[in-house]
Structures are given as structure tokens and as C-alpha cells.
Amino acid sequence: MKNMKGSLLKPFKAVRFLFKKPKTLRYPFEPKAPALRTRGFHINDWEKCTGCGNCADICPNEAIEMIKIKELKTEVGKKNERPQIDYGRCCWCGLCVDICPPGSLKLSRDFFHIHFDTKTFVFIPKDERIDKEHFFNGKDYSILKASLIHRKKDYDGYTSDFKYTLFNPERVPMPEVKPEERILSFIEQVIGYNDEEAKNEAERCLECKLCEEACPAHLKISDYIKAIYEGKPDESLRKIYEDNPIPAICGRICMAHCEDACSLSIRGESLAIRWLKRYASDSIKDYKAVLEQNIVKPNGKKVAIIGAGPSGLSLAYFLKLQGYDIEVFDALPGGGGMLRIGPPIYRLPLESIDKDVDYIASLGVKFNFNTLVGKDILFEDIYKNYDIIYLSTGITVSRSTKVKNSDKCILALKFLKENKIGKRQKVGKNVIVIGGGNVAMDTAREALRLQHIQYPSEKTIIKTISLEDWDIMPAKEEEVIEAKEEGVVFNPGWGPKEVVLDENGKIKGLLCMKVKSVFDEKGRFSPTFYEDKELFLKGDMIIEAIGQAPDFSFIPKELFEKIEFTQRRKVKVDENGQTTISKVFAGGDIVNINLDAVTAIADAKVSAEGINLYFKNKKQNSK
Amino acid sequence: MRELELYFGPQHMGMVGNFSITLSVEGDKILKATSNPGYLHRGFEKLMEYRTWIQNFPLVCRINVIEPDSMEMVYAMAVEKLNKIEVPERANFIRSVYLELARVGSHLFGLWAYSNMLGFDTAAQWAMYHRDLILDLFEELTGARVYHIYINPGGVRRDFPKGFKEKIVKTLHSIGGCVPDYNDVFFNNRVFYERASGIGKLSQGDAIKYGAVGQTLNATGISSDIRKIEPYAAYDKVDFNIPVRENGDAHSRILIVRDEMIESVHMIFKLLDQMPEGEVWNRTPNPFKWNIPEGETYVRVESSRGELGLYMVSDGGDKPYRVHFKTPSYNNGLVILEKLLKGANIADVGNIMISLYIIAPEIDR
């Protein structure tokens with residue numbers, strides 16, 4: 001230290017700063033541009049916003065409230081609510097931006113609000129594209145106009161960054177048997193989560209409940225996912241059973257409308273809701289011990305259910321718990337209906353179906369399997385002897401393309417049914433599957449496995465043709481991907497013209513023609529073709545998987561005439577599931593157009609309520 | 001002569017922050033001083049027990065207005081330790097750079113407070129201006145000027161924006177270029193020497209006895225710094241000195257503030273050179289289902305005013321069971337201040353108090 005005490009004169013050097021330009025900005029004439037990441041007032045893109053309410057949940061100051069907007073419609077995966085922000089409470093931390101699943105909520109670089117009225121501090125953020133009136137161009141904006149209702153356009157500040165989202169957009173990968181391994185046998189493809197994987201996957205759920213509104217049966221999804229996260233699969237199963245009595249089945253083959261609505265799916269991968277349901281049902285060995293369901297005193301009312309598919313099973317369960325006397329008739333040797341014969345074993349093993357059916361049977365539901373109504377028992381007798389008849393017969397007859405020589409083809413349902421509950425079919429080395437739906441995928445992949453088993457070291461080919469091109473392929477995307485992985489060759493955009501036979505009358509191949517359009521201008525199915533653009537596919541076996549139709553031949557003519565149908569050839573039911581014959585209710589594939597298990601359960605729920613109401617009204621009328 | 005009771009603050013020109021001292025004076029001489037905190041009590045520790053782990057992250061920084069960053073750091077460290085969250089290497093470097101910038105910003109503010117109180121308005125205005133330049137850097141990095149809410153558990157909230165490294169270097173060079181001016185006008189000013197040397201003198205023994213930390217301790221000749229003792233973030237990757245002085249008076253303490261600033265700037269340059277590429281944040285669990293396993297932890301960092309500790313207990317739930325901060329201003333501001341004021345002049349109250357670098361909100365957390 002040379003001079004600890006310091007100098008007396010040196011400080012006067014500062015005088016020279018008097019002759020320098022001041023560093024201070026002459027605000028407001030010289031405004032300072034805020035940084036690009038400035039956390040100012042909120043902007044919300046209403047078109048992207050789903051109204052999930054995660055922003056309101058995470059806000060540390062409870063500054064965000066979800067407000068119902070009348071002009072907005074509720075649709076699948078979207079609520080008609082938008083966040084409202086109280087700037088008396090907001091601390092501009094930006095957690096709402098980082099949690100926002102669609103990334104619609106942002107903070108702008110505007111941070112002035114000048115107003116006499118404190119009510120203006122509570123406001124619903126919008127986006128300039130919707131709200132042109134209040135969003136100015138930069139040059140039209142001044143501090144005098146600065147307020148929450150006058151904002152600058154294109155002035156995004158702190159925005160959501162996919163890398164730094166507080167939610168986890170990646171799914172816990174489901175362990176699966178590899179394609180090269182699984183095509184050699186009918187081993188179940190999906191192995192299922194173990195406890196830890198299920199817990200990790202369940203942890204991703206944001207509990208916004210968009211899925212519950214999308215689910216036709218309105219399962220309490222976020223509750224049962226939470227129970228799995230807390231390590232209580234038994235509690236989870238109890239929650240599932242409130243709305244869905246076939247979790248082992250649905251946990252495997254549900255169309256998972258919930259996952260399409262999941263807010264995580266907007267920018268990431270949706271929560272594996274279906275696999276978690278499967279985990280809940282698989283991890284409980286004995287349903288009865290866990291569920292501990294008590295049946296109320298029998299009320300003496302007799303219900304006959306025709307068809308033990310998902311709809312019939314569900315109705316049997318719901319009504320049995322309420323004390324009804326239930327009898328189920330089905331032509332197949334076991335429960336499950338279409339699910340018993342449709343989905344191949346590698347997707348839905350019979351043990352899983354029986355697990356669910358056995359539980360329903362253990363409640364006291366009487367099942368009559370191998371009983372074809374109309375042959376083994378007459379519909380008239382059922383109609384006479386029971387108080388209520390529930391039709392859940394499904395669509396059981398495969399349609400044919402009806403092209404030339406199509407009688408030589410095999411129908412998909414027959415093929416699948418024989419393989420699953422009968423004898424394994426002999427397949428050709430070069431199989432063509434006609435169709436682009438889920439049944440076609442099942443058929444192709446089933447045939448592929450059979451080829452590998454029957455011709456172990458030979459070259460075999462599976463081809464599919466479908467009218468629909470990739471963008472409108474009706475099959476679920478994951479099924480198409482898995483089919484491709486296994487080696488199925490796709491020919492989308494081609495329609496069948498003729499099955500070509502050789503001189504011995506055996507199948508030589510399929511002549512196809514190019515599709516011009518699949519739907520007409522009203523969006524109805526009405527394919528048109530280019531007759532001159534042809535493609536010949538070689539093959540020795542053709543399976544038709546182009547859709548199914550219901551079979552009502554068991555209903556006598558005089559009753560059948562009383563049943564009304566909708567324009568889309570579905571059984572007409574009212575909001576209680578009641579058909580035009582008062583004691584006949586209906587549900588499942590013969591009623592809804594979704595043609596899946598969970599909608600069938602939803603139909604059963606409606607009918608269960610409807611049947612209660614039917615008896616209540618009847619009682620009142622008789623008084 | 002008659003003994004009088006004098007209320008000093010909280011509305012007083014020489015008083016920074018919401019804090020007051022009750023003085024018993026006899027003429028110009030102080031017989032007894034009693035610190036009066038509590039004007040800024042917001043019950044943070046209790047508030048935190050009612051907020052989830054993620055909701056506490058924007059809250060903790062508010063405990064200290066001048067340097068919110070070390071609060072964020074200590075909270076993030078505690079959560080990471082309890083929940084065993086790894087922090088990416090680059091995030092550690094960013095954290096260190098950010099904390100050193102915060103130290104410079106905080107010291108400039110402290111310098112403003114001190115020189116302003118002594119009447120050196122020129123240096124005070126410079127310090128305020130230069131602090132603003134640091135705040136500009138924070139604004140660009142985090143989106144806010146004062147409450148940055150940047151270090152979150154698992155790393156930092158966003159990576160450096162484009163060209164940010166160069167901007168830091170440029171800003172620090174422009175501030176560093178003014179050090180000779182600061183020296184001439186303030187640090188080497190004879191008036192400052194006369195006014196500060198020998199004032200509020202604390203012996204080494206007393207410093208240890210009363211638990212002094214930071215500049216107050218280092219000014220008595222003890223070299224103590226958590227960054228060396230228990231390196232966190234990337235402090236074990238760089239070499240730096242701890243400024244130490246012997247006299248233990250206000251003069252030494254303020255000179256240590258200056259030396260620490262210069263040392264921090266050098267350290268930032270070194271850190272920026274060594275900074276690796278890569279991720280800056282490891283995703284933390286879903287905030288709505290974030291439960292931290294049962295346990296308790298004590299973590300500490302070297303804030304701009306000395307050792308800052310956090311004791312946190314989790315009972316396995318989604319909120320902390322108990323949070324307790326050990327803040328540097330607590331020891332310096334209550335016990336040591338009362339001791340140093342005894343026997344001092346009324347004119348030196350502000351001098352002693354601000355040289356101890358007391359920040360009232362830290363005491364009333």
C-alpha cells in the first residue's frame with residue numbers, strides 16, 4: 001500500500017465529467033427497448049389454448065383464474081375456458097408459460113399499464129390475431145396509450161421453449177417384443193409396464209382432465225392415474241371399475257380417444273393412459289378381493305342381454321350391482337363378443353378377456369354361451385319372458401367387395417375367428433389383404449405370423465391394398481407403423497377390380513385400379529376410380545377386410561319392422577338407449593358409429609340409467 | 001449530562017432499508033444501541049411451507065432485494081440435494097457466472113449506499129449507473145431486472161442468448177475501465193480515509209465470537225469464503241483470490257468490497273473461457289406430482305455479504321416441512337452492529353451500519 005491515506009486533490013478529476021454527455025436516458029422521449037426475453041404482460045393464443053387450466057394450477061399467487069367464455073365451444077381436447085390474470089397478484093415469474101402444454105401462453109415485452117380504474121388490472125389475455133382492435137403496430141403505440149387494452153403487435157417476450165417445459169413430453173417407452181421376434185409366434189407383443197415404469201409414466205399426468213371429457217365412457221382417468229403414481233394399483237382399479245368393468249380388455253385394445261385429447265400430446269407424446277389401465281388390471285390378480293363390491297337386494301326384474309361383447313358385459317355389470325336379475329346369451333363359447341374373435345392373440349390374449357368376464361360372472365350374472373339366439377333359443381321366447389331385452393349383437397358379418405370372382409376370397413372375420421378360437425388356417429405364401437382399417441391390419445399381421453410358422457425358411461409376402469391414401473388411412477397410426485415394422489407391404493390408393501384366376505380356378509392375383517376419390521363432396525363414402533390405371537398384384541390368397549354389417553335375422557319379422565333405423569343404418573335409440581320398441585334397449589356397434597369397445601361401454605352406461613328410468617316411470621304410471 | 005433515547009430510522013436519510021436502531025445517547029456519544037428489525041417481516045419461511053416445491057422457486061428470491069440470486073441458488077441446491085437431482089456441467093458454469101455478476105451488481109449497490117451516505121454523490125451516481133448496466137445483462141439473460149427467477153432446481157431456466165458472452169465481456173470491460181476513476185474520486189480520496197478508517201473497528205477475536213461473516217470477517221484478517229471451503233457450482237474449476245485486510249474497520253470493509261468486485265470480474269472472464277457446451281437443465285419431476293423424499297439438509301453459499309445458509313426439511317410431501325435461512329445480515333446487523341455502535345458518535349451510525357453491509361429484508365425473512 002503506497003498511499004493508504006489517499007489524495008485530497010485527485011478527486012477533483014471528476015470535474016471533467018461535467019463536460020460529457022449525460023448517460024441518463026431522457027425518458028419518455030428516449031424509450032429503452034426491453035430485452036427479448038422480458039417478462040411483461042401475458043399474451044394468449046386462443047386458438048391454441050385448450051383451457052386445460054395448468055397455468056392456474058401452478059401459479060404461486062393464485063393470480064390466474066379460468067373463466068368460461070360463452071362464444072367458445074367445448075370440443076374434444078378443448079374446454080371453453082381461458083385464463084384470466086389478476087395483475088394485482090401476478091409476480092411475472094413465468095411458471096405459467098413454462099407449464100403451458102400447447103405453448104399458447106406467452107409473456108410480451110409490454111410492461112406499462114396506466115389506468116384510473118383498478119378493475120382493469122384483471123384481464124383476459126388474448127392474441128393480436130384474434131384481437132385486432134387493441135393490438136397496435138409499434139409506431140402507433142405510445143406511453144400515453146400504454147395499458148392492458150392497448151398493446152403492441154408482435155411483441156413476444158418470454159415464450160415457451162419446448163426444451164425447458166416443466167411437463168415431461170416423453171413417454172416411458174413400453175417394453176415390446178421386437179418385430180423380428182414377434183412375427184415368429186403369437187406371443188403378446190406388448191410386455192407391459194413394471195411397477196417403476198408405471199409410476200414414472202403416471203407421474204407425467206398434469207391432471208387437467210381433458211381426457212375425461214374425451215372418453216366416451218368418462219372414466220375418472222386422472223384419479224386412477226394418480227392412484228398408480230401413489231403406488232396403489234388396487235385403488236386405481238376401484239376407480240376404473242366405477243365406469244368400466246372390462247379393464248384388462250380395454251387396457252389392451254381401447255381406441256384411446258383420451259390419448260388423442262391429452263394435453264401432453266399437443267407438443268409431445270400423450271400419456272400412455274391405456275397402458276396404465278392395463279398395468280392396473282394386470283397387477284391385481286384377484287379382482288374380487290380388491291373391489292369388494294356388494295350387490296344390493298335383488299329387485300326381481302329380469303333383463304336379457306343378447307351378445308356378450310363389451311356393451312353387453314358392461315350393462316350386465318352395471319345392472320347386476322343394482323340388483324337386477326341378468327341373463328346373457330351369446331353364440332360364442334366365451335365372453336367378449338367381437339373382441340373374442342377379432343383382435344389377434346398377440347394383441348388380446350383370451351386369458352385377459354376371461355379375467356374380466358369371470359369377475360362379472362362371479363357377481364351372479366348368468367351367462368349362456370354357445371347359444372345362438374334364433375336357433376338355440378327363440379327371440380320371441382326371450383321377448384316374452386324378460387322385462388327388458390338389451391341388444392348388443394354387434395356387427396358380425398364381413399362385407400365382400402363383390403368384384404368378379406370374389407367368392408374365392410376369404411372373409412376377414414372368419415379368418416380371424418378360426419385362428420383365435422378354432423383351428424389355425426392354412427395361408428398362402430403370397431397373401432393380399434383388401435382394406436385399410438384396423439381389422440385389415442389385424443388380418444395382415446395375423447397372416448404374416450401364420451406364414452412364418454407354416455413356411456419357416458421360405459420367402460413369403462403380405463400385401464395390403466386400401467382405397468384410402470396414407471393421409472386418410474382409417475387404421476390407427478401405431479398399428480400401421482407396427483405392421484410396417486413386421487414387413488407388411490402397403491399399396492394405398494388402389495381399389496380392387498377383379499380377382500384373377502388361373503386355368504384351374506385358383507387365385508392368381510388381384511387386378512387393381514387407381515382411386516380418384518374416396519368420398520364425395522358431402523363427405524360420404526362413395527369411391528371413384530381411374531378405370532385405365534391398373535395394377536396387377538400377384539397372390540395365391542386374398543382376404544377381404546373392408547368392413548362388417550350387423551345381422552338381425554334372429555328377430556322375427558313383425559318385431560323387426562317396429563325397430564327404426566337411422567340414415568347410417570344404425571338402430572335408432574333415444575337419449576336413454578331405448579329403441580322404438582319400449583322394452584328393447586340397444587347399444588354397441590349396432591348403435592354407435594365409433595365401432596369401438598369404449599363407446600360400447602358408454603352406450604351400456606346410458607342404457608343402465610335408461611332402464612332404471614323406465615321402471616321408475618312404469619311404477620309411477622301404474623299408481 | 002442527560003441520557004436521551006433517540007430513534008434512528010426507519011425513515012432516515014442515512015438508513016438503507018426498513019430497519020431502525022434505538023440509541024441511548026449522552027450528548028454525541030452512544031451509550032447503548034438496540035437494533036429494531038421487523039419492519040419488513042413477510043413470513044417467508046412460513047409462506048414456503050404452504051407452497052409446492054416449484055412455487056417456492058419464484059418466492060425465495062424476494063427475501064433479498066439487492067441480491068436475489070444467491071437465494072435462488074441456495075434453494076435450488078437444497079432441493080437438488082434432497083431430491084438427488086444432477087445439474088449439467090454447463091449449468092454449473094452459467095450459475096457461477098450469474099452469481100458473480102450478481103455479486104458485482106450487489107456490491108455496486110452497496111457502494112452507492114455507502115458513498116451516498118457519506119456524501120460522495122458522484123461515486124454514488126456512477127455506481128448506480130454501472131449497476132444498471134449489470135441489470136441490463138440480467139434482463140437479457142432472464143427477462144427481468146431485479147427478481148430474475150433464473151436458477152431453478154436442475155440447472156438454469158434458459159441457456160445464454162445469442163452473443164451474450166461477448167456482451168458480458170463488453171459490459172464488464174466498460175465498468176472495469178472506470179475503476180481508476182472510482183479510485184480517484186472515492187477509494188483513494190483522503191476524505192473517505194479520514195471518515196472511515198478506525199470507525200466501527202472489530203477485532204479478530206470479536207469477529208469470531210459474534211459470528212461475523214463476509215467482508216466484516218475478512219476485514220479482520222481472516223480469509224474465509226464458502227466458495228473455497230465448500231465449492232459449489234463451478235467454483236472449484238477456477239482459481240481466484242479472497243481479498244483480506246487487517247484493520248477490521250469500515251475503511252477495510254469497503255475496500256474489500258472493491259477488491260471482491262475486481263476479483264469477480266476476473267473470475268467471470270475465466271469461467272466464460274472454460275464454459276463447456278451442452279444442456280443447461282435436467283428436467284425436474286412434474287410440478288403437480290413432485291414429492292421430495294423425507295430428509296433434511298443444510299446447504300450454504302457465499303453471497304455478496306457472506307455465508308448464506310438454508311436448512312430445509314422434507315416430510316416426503318409436495319411442500320417443504322420446514323425452511324430456515326441463515327442470512328449474513330442477521331449476525332452483522334443485530335449483534336455486531338449493537339456492539340460496534342457502543343461508544344461511537346451519532347454521526348457515524350450510518351457509516352458503521354452501511355459498512356457492515358446490512359440488508360434489512362434478509363433479517364426479517
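**Packing, burial and backbone in a predicted two-chain model**

In this predicted model, buried residues account for 54% of the 623 residues of chain A.

Trainee: How many helices and strands are there in chain A, and what does its C-alpha trace span along the principal axes?

Mentor: Chain A contains 20 helices and 22 strands. The C-alpha trace of chain A spans, along its principal axes, about 115 × 75 × 55 Å.

Trainee: Among contacts in chain A between residues at least 6 apart in sequence, what percentage join residues at least 24 apart?

Mentor: The set considered holds contacts in chain A between residues at least 6 apart in sequence. Within that set, the share joining residues at least 24 apart is 72%.

Trainee: Is the packing of α6(B) and α12(B) roughly parallel or roughly antiparallel?

Mentor: Helix α6 (residues 164-176) and helix α12 (residues 250-274), both of chain B, pack at about 160°, and their axes lie 11 Å apart. Angles over 145 degrees count as roughly antiparallel. Therefore α6(B) is, relative to α12(B), roughly antiparallel.

Trainee: Which residues make that contact, and how do the residues divide into nonpolar, polar and charged?

Mentor: The crossing of α6(B) and α12(B) is left-handed. On the α6(B) side the contact is made by B:K165, B:I168, B:V169, B:L172 and B:H173, and on the α12(B) side by B:V265, B:I268, B:F269 and B:L272. The residues of this contact divide into seven nonpolar, one polar and one charged.

Trainee: Which residues have the most contacts inside the largest nonpolar core, and which helix contributes the largest share of this core?

Mentor: In soluble globular proteins, nonpolar side chains tend to be buried together. The largest nonpolar core here has 205 residues, and those with the most contacts inside it are B:I21, B:Y114, B:I168 and B:F192. Its largest share, 16 residues, comes from helix α4 (residues 89-118) of chain B.

Trainee: Which residues does B:I168 touch, leaving aside those up to four places away in sequence?

Mentor: B:I168 belongs to the contact of α6(B) with α12(B). With residues up to four places away in sequence not counted, B:I168 touches B:V97, B:L101, B:L137, B:F160, B:I268 and B:L272.

Trainee: Is B:R253 buried or exposed, and what is its relative accessible area?

Mentor: B:R253 is found in helix α12 of chain B. Not counting residues up to four places away in sequence, B:R253 touches B:I199, B:G200, B:Q215, B:T216, B:A219, B:G248, B:L340, B:S355 and B:L356. Under 20% relative accessible area a residue counts as buried. B:R253 is therefore buried, its relative accessible area being 0%.

Trainee: What is the phi of A:E62, and what is that of B:K84?

Mentor: Most residues other than glycine have a negative phi. A:E62, in the loop between α1 (54-58) and β2 (64-68) of chain A, is exposed at 60% relative accessibility. B:K84, in the loop between α3 (68-83) and α4 of chain B, is exposed with a relative accessible area of 73%. Both values of phi are positive: near 50° for A:E62 and about 55° for B:K84.

Trainee: Which residues form the contact between α12(A) and α14(A)?

Mentor: Helix α12 (residues 310-321) and helix α14 (residues 350-362) of chain A pack at about 30°, with axes 10 Å apart, and their crossing is left-handed. The residues of the contact divide into six nonpolar, no polar and no charged. They are A:L313, A:A316 and A:Y317 of α12(A) and A:V357, A:Y359 and A:I360 of α14(A).

Technical notes: Residues numbered from 1 in each chain as written. Chains lettered and ligands numbered in written order. Predicted model: local features only at pLDDT ≥ 70, side-chain atom pairs only at ≥ 80, totals over all residues. Heavy atoms only, no water. Axes fitted to C-alpha atoms, helices over the stretch in contact; angles between N-to-C directions. Helix = DSSP H or I, 4+ residues; strand = E, 2+ residues; numbered from the N terminus. Parallel < 35°, antiparallel > 145°, perpendicular 65-115°, else oblique. Left-handed = near helix turned anticlockwise from the far one by under 90°. Contact = heavy atoms within 4.5 Å. Nonpolar A, V, L, I, M, F, W, Y, C, P; charged D, E, K, R; others polar. Core = buried A, V, L, I, M, F, W, Y, C linked by side-chain atoms within 4.5 Å. Buried < 20%, exposed > 50% of the residue type's maximum accessible area, 1.4 Å probe, protein only.
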